[in-house]
Every structure is written in structure tokens, then in C-alpha cells.
Amino acid sequence: MKKLFDRLARCVLAPLLALVCLHGAQALSETEGHCRALLIACDEFLSAADTESIAHNNLLTMQQVLARDVRGYEIYRQDGMTNSVDALRAAVRWAFADATEEDVSLLYISTHGEFVSNINNPEGVLLLSDGALEERVSAQQLQAILDEVPGVKVLIVDACHSGALIGKGISPATGSERVVSGFRSDDYRVLTSSGGSELSWYWLARLETAPPGSSYFTTALGQGAGIGGEAAADANRDGTITLTEMYEYLWYSQASSTVQTWPQDSDFPLLMYDVDAEEAAEPDELTGIVFHDVGLNPQTAEATLSFTVSRAARVAYRLTYWQDGQWAWSEAVTLLDRSEWDGEGTPEGWMAEGRKEITLALAEYLPEDWTYAMLHLMTLGDGTQESRSAIFASRVLYAVREGDPQLSVETAQRWERAYQPELEIFVGHALPVRLSVIIRDEAGETVRRLCVSSPTRPQGLTPEGSLLYWNGLLHDGTPAPAGRYQVVAVAGTGQERYEAETWVSVE
């Protein structure tokens, strides 16, 4: 009863006490505008499983990420208190009350998400809950709240089916054209943890003394942003991580779900950090992580990776495979590193400082007909801040199999860019492949490459395949002239090469 009373009291007091403001690094000059962030976490629910303290830890990770930004974010937090659309609206109005057209307002939400596809107008929703009261907020409701805020709005959502908010990652069997989505305007930048037809996942440490974990997406985002000392998402090392750089980093480095973004190509500075300060900082336990190849012989299934151990640590590898359209978490195995185990004084998993190259034999842990698997590199700590259980990297692995992948490519026959800013392209393939998608004009000239020999990954789609998006720009960044364009998909399986094509009229 006391717990219920505490929750109800917290609900009543939330509009008054919920927002905690913290200041980031040095502020921008007055002429450059201001950056503000509202971080919302929900861990206790009425209609879904509690996730304590996953969302809370996600919030702390995002706070660390934004504190690194040299633009000086004002950071507001609502931890476990946002339980209704009205409460969310009040929090947004409070945090971004002083926003102007020159400012950046970032909203991060970690919660459960839902997507009901078997209705006339399917729509993704997010759960807002404090464990005593609960309400759902739809894409249209959330956009209406954020539309009140002037300037650029950045929305980062860590939730199942969150791509539905922007109409991306929707199974062809459902049809993205039916989904009520939002945020597709020039004043929004959006990053979601999963596609609309896909689940998002979190991890829990199995050691009693270890921290309770966080989501795979926010963990990977934090690694990419450099909270461990190395901003891996900054591809050109210029001190600015653009939205597209973070998206591309997460596409490969966040294995358990498929990140989605709006707009598809954006040089918007998601994070700006001090490169010199990063180089001077103490490195995290594991750095310089490289997966040598993600395409494996399905019979031997040997994966090789290398990394640097900056401080002695216990290292483990978590292997999970894809089966029947989902990750088989119940069959996942954790393998302690044995490369330096001597059977006596040095325990399993213990690795001394230095550069390592490890080859893992995984075949005995995978079914014979496996197609995809994912490998997480992690440390097992003792629960202290200096030695904690943490995920450092992950990759999707795929089985290189010969055979016809039943390749197909589908898109709209007519694309009116004034009404639909991006063209959705679905490439069907029954097997994992290395995929290239090319846009050619009527003369047969290649005008854009959307991906080149890129390994596919499971996206939770029906039928199986990959979704890509073209914003209508040519390789030089200029808009494609109106006309007919050929969309060509090229797939490699082992030594074989397959091709499929379709045409679209661009207006």
C-alpha cells in the first residue's frame, strides 16, 4: 500500500518536481543558439514488463553523452515520472520554454513501444508510465507536442517498434503507406533503435555485484559517442559526429535491432566534442575493436576479432542466433575468453594488457541451418566503477551459403517527391547476401549507390529481405532531375552473383 501511495504522490507532484536540470560543457556564444535536452525514462509499467533499472541506466548514459558536447547542453531529466500525454507535454514546455528558431531541442525517450499492424491505420505508440498510471502517446500526438517548440528538434527513441514513428522498417506485408507516422519535415532529426516491425532489446548483467545493464542501442550509442574514451562513430575524426555518421556506426555496431533515421542523409551535428580532450582521456578497458570478417563458413563458423586491453579485465563473448524470425535469446551462450587461461592462477576470461587477436570456434553453438548470429564483446566486472560488466561492441554475423537467394526488388512505380520525401526500396532475399543497390538513369549511367557489397542483416520483415531509402539525391548531392530511373539490386552468395531490377518514375 505504501508503494502505491508513493507512486500516486509521485504522479501528483511530477509536474512540479519531475524536471532536474544539469548543465553540460561550456556554452555556445549567444549568436550560435543554445542546446537543450529532455531525457525521459520509464521502467515501471502496468501493461508490460518492468525493466528496472534499464531505462534509468540509459538515461545516465545519455547524460554522459550530452555532457561531452562542447556546445554546452542544458540537460533536463524525468526519471520514471512521465505517465501521460499531458505530463509529457508539460515536461516539453518546461524544458524548452526559452527555445528560439536558432536553438536545438533534443528529446530522448527510453520506454516500451508497440505497433499494432492488423488495423486499418496502424501506428506506433510509446508507453508513458510510472508504475501506477499509464498512457500511450502516438506519433501524431508526440509531433503535435514538439511542433510547439521552435528551432531544430532532435528525437532519439529507444523502444520496440520505434521506427514506426517515422514510418520506417515496416514489413511489406503490412505496408508503410498505411502507417500513420510523423516528423518528416525540415525541422526534425530522428534516430530510433529499431524498425517499425522489429523489437528492441536490453541486456542484464548476470553477476549479483554487477550493474543491472541497459539497452543494446543506447549502450552502442554511448560507445559511438566516445563516453569510453574513443568516439568510434566519428568516421573522419573531425570532432563532429553527424546524424548520418551515428546512423552508419549503429547500423553495423548495434546488432540486436536495426537503427532507423530521418532524414536518411544528414550532416546535422548530433554531437560535437573536443578531439584533444578525448585523446588525453584515460581509455576504457577495451579499445580499437575490429571484427575481421562477418561472413562465416556455416560449417566451421570461425569469427576473428582484435582489440586492445587497456586495463586487465575479464573478457567474454555472447553469441545469439536468429531463428524463426527472431533472436533466440533462450539459446544464447556466454563464452569466457580462454586465450590466457592457464587452468590454475589465471581464471577463465582474464586478459592482461596489450593488443589481442582472437579466433572463436562457434559452430558447436549454432544450428546447422543458421543464417544470422550476433556476437557481443563484453567484460565481466566485480561491480565497482573501475571494473564493471559492460558491452563494448557487437556485430551481426552471417552464414556464407551457396544457392539462389530468390532476389527481388520492389518500389513505387511513381514517386512524387513533393508528398513523399524518401523512396522506400525493398529487396527480397531468402538467404544472407552481400548487397549492392544502384540507381541508374534512362541512359544506363549510375547516378547513386545506396550500398555497395554490404552484408545484410535480419530486420524482422515479412517477407524476408532488406529495406533501404533514397532521398532523391545524386552522388554529387544535387537532386535527381524528374524522369525514369532504374533501381538495381545485386547480391553475392559465395561465388555466385544475382541481379534484380525495377523502374520508378521520379516527379
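Two strands are taken to pair if DSSP finds at least two bridges between them. In the predicted model examined here, this criterion is met by β23 and strand β25 (residues 423–428), which pair in the antiparallel sense over 4 bridges. Within this pairing, E410 has F426 of β25 as its bridge partner. Both strands belong to an open sheet of 3 strands, arranged in the order β23-β25-β28 with antiparallel pairing. The edges of the sheet are formed by β23 (408–411) and β28 (465–470), each of which pairs on one side only. On average, and with direction ignored, neighbouring strands of this sheet are turned by 20° against each other.

A further set of antiparallel pairings is centred on strand β29 (residues 483–493). Of the 11 residues of β29, 8 are buried, so this strand is largely enclosed by the rest of the structure; a residue is counted as buried when its relative accessible area is under 20%. Strand β26 (residues 434–440) runs antiparallel to β29 and is joined to it by 7 bridges, and in this pairing I438 stands opposite V488 of β29. Strand β30 (residues 496–506) is likewise antiparallel to β29, the two being joined by 11 bridges, and R484 has S505 in β30 as its bridge partner. Together, β29 and β30 form a hairpin with 2 residues between the strands, and in the turn G494 adopts a positive phi of about 65°. In general, strands of a sheet pair through backbone hydrogen bonds, in either a parallel or an antiparallel manner.

The helical part of the description concerns the packing of two helices. Such a pair is generally described by the angle between the axes and the distance between the axes. For helix α5 (residues 216–225) and helix α6 (residues 243–253), the axes come within 10 Å and cross at roughly 125°. Because angles over 115 degrees but not over 145 fall outside the parallel, antiparallel and perpendicular ranges, α5 is oblique to α6. The crossing of these two helices, α5 and α6, is right-handed. On the α5 side, the contact involves F217, A220, L221, Q223, G224 and A225, which meet M246, Y249, L250 and S253 in α6. Classified by residue type, the contact of α5 with α6 comprises 7 nonpolar and 3 polar residues, with no charged residues.

Methods: Residues are numbered from 1 along each chain as its sequence is written. This is a predicted model: local features need pLDDT of at least 70, side-chain atom pairs count only at pLDDT 80 or more; totals for chains, interfaces and linings use all residues. Side-chain values use heavy atoms; hydrogens and water are left out. Buried means under 20% relative accessible area, exposed over 50%, partly exposed in between (1.4 Å probe, protein chains only). Axes are lines fitted to C-alpha atoms, for helices over the stretch in contact, and angles run from 0 to 180 degrees between N-to-C directions. Angles under 35 degrees count as roughly parallel, over 145 as roughly antiparallel, 65 to 115 as roughly perpendicular and the rest as oblique. A crossing is left-handed if the near helix is turned anticlockwise from the far one by less than a right angle, and right-handed if clockwise. Contact means heavy atoms within 4.5 Å. Ala, Val, Leu, Ile, Met, Phe, Trp, Tyr, Cys and Pro count as nonpolar, Asp, Glu, Lys and Arg as charged, and the others, Gly among them, as polar.
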